[in-house]
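Please open the structure in your viewer and keep the selection tool at hand. The tour below goes from one selection to the next and says what is found at each stop.

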Amino acid sequence: MSEVLVLVEHVDGQIKKVTLELLTLARRLGAPSAVWTGPGYSAEAKARLAEHGAEKIYVADSADITDYVVAPKVDLLAQLVSSVSPAAVLVAATAEAKEIAGRLAVRTDSGVLTDVVGIEEGLVADQSIFGGGVNVRARVTKGLPIIAVRPNASPVEAAAGAGAEEQVSVAVSDASKTARVVERVKEEKGARPELTEAAIVVSGGRGVGSAENFSLIEKLADSLGAAVGASRAATDAGWYPHQFQVGQTGKTVSPQLYIAAGISGAIQHRAGMQTAKTIVAVNKDPEAPIFELADFGVVGDLNQVVPQLTEEIAKRK
Ligand SMILES: Cc1cc2nc3c(=O)[nH]c(=O)nc-3n(C[C@H](O)[C@H](O)[C@H](O)COP(=O)(O)OP(=O)(O)OC[C@H]3O[C@@H](n4cnc5c(N)ncnc54)[C@H](O)[C@@H]3O)c2cc1C
């Protein structure tokens with residue numbers, strides 16, 4: 001069975017959930033081989049990858065990989081592609097990994113598919129394109145299929161793999177060393193899950209009315225163990241930080257449950273959330289476009305509905 005390379009996403013050695021989703025997908029396409037880049041590899045990381053089906057784990061922990069912007073990771077993947085001739089390369093559809101996918105496609109003269117939300121028999125990918133407005137099924141017809149899959153788009157299922165470890169030294173070309181990382185600043189992390197990885201997202205829009213009132217959204221999110229998101233109207237107003245903006249010019253989320261409170265459902269907002277499995281909208285305007293998209297809707301004032309919802313959830317715990 002051909003190998004399927006899966007580029008591991010990790011932060012300081014903590015493997016991100018999307019990697020486990022990719023390994024689960026890769027098992028249907030061939031023998032999953034995890035590709036670890038940078039420091040932080042540990043026995044715990046190895047066990048976690050193997051538990052989710054990694055037959056092989058290529059480990060490239062070279063300073064060159066972390067000191068330079070994306071290109072060395074492309075060098076590494078290109079090197080592995082040429083030595084193992086995989087059936088496909090899977091990466092997460094994050095900003096960095098999509099850049100890696102694009103560069104690798106150029107390097108290997110292959111086709112690339114991004115923002116994929118599912119992969120079927122014959123490596124046919126379901127893609128959400130044009131800001132989520134159109135869904136297409138596509139297949140790479142030239143070279144190696146390089147596929148960037150959205151976080152949360154597919155389930156995580158554990159299944160043991162051999163987890164055979166292989167240290168890889170990567171020959172980083174001079175051309176890949178033209179942009180050096182000079183400083184890394186750690187983003188303050190709260191107790192809430194990361195927005196793009198969260199299974200539940202509660203977002204607030206202009207209807208929330210003020211920065212202070214976002215505490216209603218936060219309380220509901222915390223009662224559900226959810227991440228908080230916001231529309232651009234809310235972030236532009238300075239009510240919530242820009243990094244939590246969901247939409248075309250913000251983050252793309254694909255959670256199991258997306259609750260939109262006081263959000264009208266503009267096309268640019270939908271672009272970032274319409275692949276959520278279940279959408280619940282709270283809006284005082286029954287004609288708001290978000291209701292066309294929502295699986296469940298509450299017509300009402302969020303100042304009343306959201307606290308009641310939080311209270312009901314608390315009672316069930
Ligand atoms: C190039 C471009 C890129 C953009 N990118 C993004 C993006 O990434 N993300 C994004 O979100 N937008 C983006 N926008 C902006 C987008 O077009 C909308 O303006 C924005 O999404 C509107 O945000 P909103 O739904 O919060 O506000 P509004 O459209 O003003 O809607 C507010 C909603 O709240 C409801 N409401 C008001 N009070 C209450 C209450 N008390 N209780 C319940 N409901 C209430 C109203 O009925 C209304 O439906 C972009 C626009 C452009 C041009």
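Begin by selecting the ligand together with the 25 residues around it, among which Arg-206, Ser-231, Thr-249, Ser-264 and Asn-283 come nearest. Keep in mind throughout the tour that this is a predicted model.

With the ligand still selected, show the side chain of Arg-206, where an N or O atom lies 2.6 Å from an oxygen atom of the ligand. Then turn to the backbone, where a polar atom of Arg-232 is 2.9 Å from an oxygen atom of the ligand, and where an N or O atom of Gly-262 lies 3.0 Å from a ligand oxygen. If you display surfaces at this stop, the ligand taken alone exposes 970 Å², and the protein buries 75% of that area.

Now widen the view to the surroundings of the ligand, which sits in the second largest pocket. Colour the helices next, since helix H7 (232-236), helix H8 (267-270) and helix H10 (302-315) each supply at least two residues of the shell around the ligand. If you colour that shell by residue type instead, you will find five nonpolar, 15 polar and five charged residues in it.

Leave the ligand and select Glu-3, which is found in strand S1, a strand covering residues 3-7. Is Glu-3 buried or exposed? Its relative accessibility is 12%, and Glu-3 therefore counts as buried, the cut-off for that class being under 20%. Show the side chains around this residue as well: the side chain of Glu-3 is joined to that of Ser-33 by a polar contact of 2.8 Å, and the Glu-3 side chain also makes a polar contact with the side chain of Tyr-58, again at 2.8 Å.

The next two stops concern backbone angles. Most residues other than glycine have a negative phi. Select Asp-109 with this in mind, for its phi is near 55°, a positive value in a residue that is not glycine. Asp-109 lies in the loop that runs between helix H5 (95-108) and strand S7 (112-120), and with a relative accessible area of 48% this residue is partly exposed.

From there go to Asn-152, which is not a glycine either and has a positive phi of about 70°. You will find Asn-152 in the loop between strand S10 (146-149) and strand S11 (164-167). Because its relative accessible area is 5%, which is under 20%, Asn-152 is classed as buried.

Two loop residues remain, each of which can be paired with a partner from elsewhere in the chain. Select Lys-189 in the loop between S11 and strand S12 (200-204); at 65% relative accessibility, Lys-189 counts as exposed. Add Asp-67 to the selection and draw a line between the two C-alpha atoms, which are separated by 23 Å, while the residues are 122 apart along the chain.

Where does the last residue, Gly-272, lie? Look in the loop between H8 and strand S15 (278-283), where Gly-272 is found. At 1% relative accessibility, Gly-272 counts as buried. To finish, select Ala-198 along with Gly-272: the two are 74 residues apart in sequence, and their C-alpha atoms are 14 Å apart in space.

Technical notes
Residues are numbered from 1 along each chain as its sequence is written. This is a predicted model: local features need pLDDT of at least 70, side-chain atom pairs count only at pLDDT 80 or more; totals for chains, interfaces and linings use all residues. Side-chain values use heavy atoms; hydrogens and water are left out. A residue is near a molecule or strand if one of its heavy atoms lies within 4 Å of it. A polar contact is a pair of N or O atoms within 3.5 Å; within protein, one must be able to donate a hydrogen and the other to accept it, and residues adjacent in sequence count only if both atoms are side-chain atoms. Accessible areas come from the Shrake-Rupley method with a 1.4 Å probe; for residues, only the protein chains shown count as cover. On a 1 Å grid over the protein atoms alone, a cavity is a set of points where a 1.4 Å probe fits but cannot get out, and a pocket is an open set with protein on both sides within 12 Å along at least five of seven lines; lining residues have an atom within 4 Å of a point. A molecule sits in a cavity or pocket if more than half of its atoms lie within 2 Å of its grid points. Helices (H or I, at least four residues) and strands (E, at least two) are DSSP runs, numbered from the N terminus. Ala, Val, Leu, Ile, Met, Phe, Trp, Tyr, Cys and Pro count as nonpolar, Asp, Glu, Lys and Arg as charged, and the others, Gly among them, as polar. Buried means under 20% relative accessible area, exposed over 50%, partly exposed in between (1.4 Å probe, protein chains only).
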